[in-house]
Each structure stands twice: as C-alpha cells, then as structure tokens.
Amino acid sequence: MAMAEIKIENVVASTKLAESFDLNKIVEEFEEAEYNKKKFPGLVYRVKNPKAAFLVFTSGKIVCTGTKSVENVHTVINMIAKKMREHGIPTLDKPDIRVQNIVASADLGSELNLNAIAIGLGFENIEYEPEQFPGLVYRLDEPRVVVLIFSSGKLVVTGGKSPEACMEGVDKVRQQLESMGML
C-alpha cells in the first residue's frame with residue numbers, strides 16, 4: 001500500500017527575539033495587537049499572509065502558532081522581527097527558532113475497527129474510551145508522537161518536532177495495522 005500523505009495543520013514554534021519587550025510600546029505601534037495584562041500576560045498579534053498568531057512576552061520570548069509549514073514559521077518570525085525594528089523595537093539578529101509541536105492529519109482510506117485495534121496494539125501505549133472520546137490515542141516512543149486513530153481511517157498526529165517525525169508516525173501505524181490484517 002502507498003504511504004499515506006500527511007497534511008500539516010499547525011506548527012507551534014518558539015524563540016527568544018529580544019532580551020525583553022515593552023508590550024505597551026508594541027501594542028501602541030502595532031494596531032492589530034491585543035494586550036490585556038489582567039487576562040493574559042502576553043500580547044497577541046496575528047498576521048494574515050502567511051496566516052499565523054504570535055504570543056509576545058516581556059521576557060523577549062515569542063510563541064508562533066497557526067502556520068501550516070516550518071518554512072512559514074521562519075518567514076513570519078522574520079517578518080515580525082523586521083516590523084519591530086522598523087518601529088524602533090530592537091530584536092536579536094539570528095533568533096534560535098525551535099519547533100515545539102506539529103499537528104498533522106492523514107487518511108488511511110478505509111474504515112477501522114478501533115476495538116480490535118486496541119486489543120491488537122496492546123494496552124500499554126494506548127487509551128481508548130469511546131464514551132469519552134471517539135478516537136483511539138496511541139503514544140509512540142519512536143518517533144515521539146501521539147497518533148489519534150479514528151474509525152473513519154483518519155489520523156491526527158501531534159507532538160512531532162518535524163514533518164518527518166509526523167510522517168514516520170503515520171507510516172508506523174499503517175504498517176502495524178497492515179501486519180495485524182486490520183487495514
């Protein structure tokens with residue numbers, strides 16, 4: 001059977017963009033920014049192309065979420081850094097950008113019997129409580145990802161630090177299901 005294609009749904013990354021930020025100055029300069037210290041300690045700033053959202057903290061750290069690729073993370077972080085510098089807000093020249101989590105989806109293309117899969121995979125690495133959640137939660141050690149398996153044959157992979165880790169997780173699940181005769 002061919003490898004299942006994965007679709008990246010969300011990439012979360014973080015970096016230290018400065019030694020510190022004055023969030024009040026940023027909210028004044030960036031008209032789209034939202035900052036309410038009583039509700040949340042960070043400033044929220046969204047961009048449309050490529051689509052992303054930033055959480056900006058006084059510590060100089062930022063979290064970027066909502067992009068659909070690792071390349072887009074780098075693009076939008078460089079964009080926000082450039083915009084900050086244009087507004088007189090100093091940033092580090094070469095921030096160390098770290099991908100924290102990738103969420104991806106895939107479709108195995110066939111209906112699955114989750115009860116049989118739960119028994120076949122063994123109960124050490126899975127959680128399956130259909131009354132509480134319709135998917136089977138499968139925690140892989142290698143790669144370190146969590147794969148949600150649904151009876152529709154759809155998979156959601158989370159916890160990956162790279163697209164390759166997500167793809168490897170999907171392939172591992174597909175191979176295990178094939179070897180158990182469940183695909």
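## Exercises on a predicted model

In helix α4, the residues Ala165, Cys166, Met167, Gly169, Val170, Asp171, Val173, Arg174 and Leu177 are buried, where buried means under 20% relative accessible area, exposed over 50% and partly exposed in between, with a 1.4 Å probe and protein chains only. The model is predicted, with local features needing pLDDT of at least 70 and side-chain atom pairs counting only at pLDDT 80 or more, while totals for chains, interfaces and linings use all residues. Residues are numbered from 1 along each chain as its sequence is written, and side-chain values use heavy atoms, leaving out hydrogens and water.

**Exercise 1.** Find what covers the buried residues of α4, and compare the span of α4 with the expected one.

Solution. Helices (H or I, at least four residues) and strands (E, at least two) are DSSP runs, numbered from the N terminus. The cover over the buried residues of α4 includes β1, β5 (98-107), α3 (114-121), β7, β8 and β9 (154-160), with contact meaning heavy atoms within 4.5 Å. Helix α4 itself runs over residues 163-179, and its 17 residues reach 24 Å from first C-alpha to last, close to the 24 Å expected at 1.5 Å a residue; the expected span is 1.5 Å times one less than the number of residues. Just after α4, Gly181 takes a positive phi of about 70°.

**Exercise 2.** Work out how the buried residues of α2 are placed around its axis.

Solution. Begin with the buried residues of α2 (residues 70-86), which are Val70, Val73, Val76, Ile77, Ile80, Ala81 and Met84. They cover an arc of only 140° around the axis, which puts them on the same side of α2; the arc is that of the directions from the helix axis to the C-beta atoms. An α-helix has 3.6 residues a turn, so residues three or four places apart point the same way. On the other side of α2, finally, Glu71 and Glu86 are exposed.

**Exercise 3.** Locate the cis peptide bonds that lead into Pro50 and Pro143.

Solution. For Pro50, the cis bond comes from Asn49, with omega about -5°, and the proline sits in the loop between β2 (43-48) and β3 (51-56). For Pro143, the cis bond comes from Glu142, with omega near -5°, and this proline belongs to the loop between β7 (136-140) and β8 (145-149).

**Exercise 4.** Describe the surroundings of Val11 and of Lys51.

Solution. Val11 lies in strand β1 (residues 6-16) and counts as buried because its relative accessibility is 0%. Not counting residues up to four places away in sequence, Val11 touches residues including Cys64, Gly66, Val70, Val73, Val99 and Ile102. Lys51, in strand β3, is exposed, with a relative accessible area of 63%. Leaving aside neighbours within four places in sequence, Lys51 is in contact with Gly66 and Thr67.

**Exercise 5.** Determine which strand gives the most to the lining of the largest pocket.

Solution. The residues that line the largest pocket include Tyr45, Arg46, Lys51, Gly66 and Lys83. Here a pocket is an open set of points on a 1 Å grid over the protein atoms alone, where a 1.4 Å probe fits, with protein on both sides within 12 Å along at least five of seven lines, and lining residues have an atom within 4 Å of a point. While β2 and β3 each supply at least two lining residues, β2 gives the most, with four.
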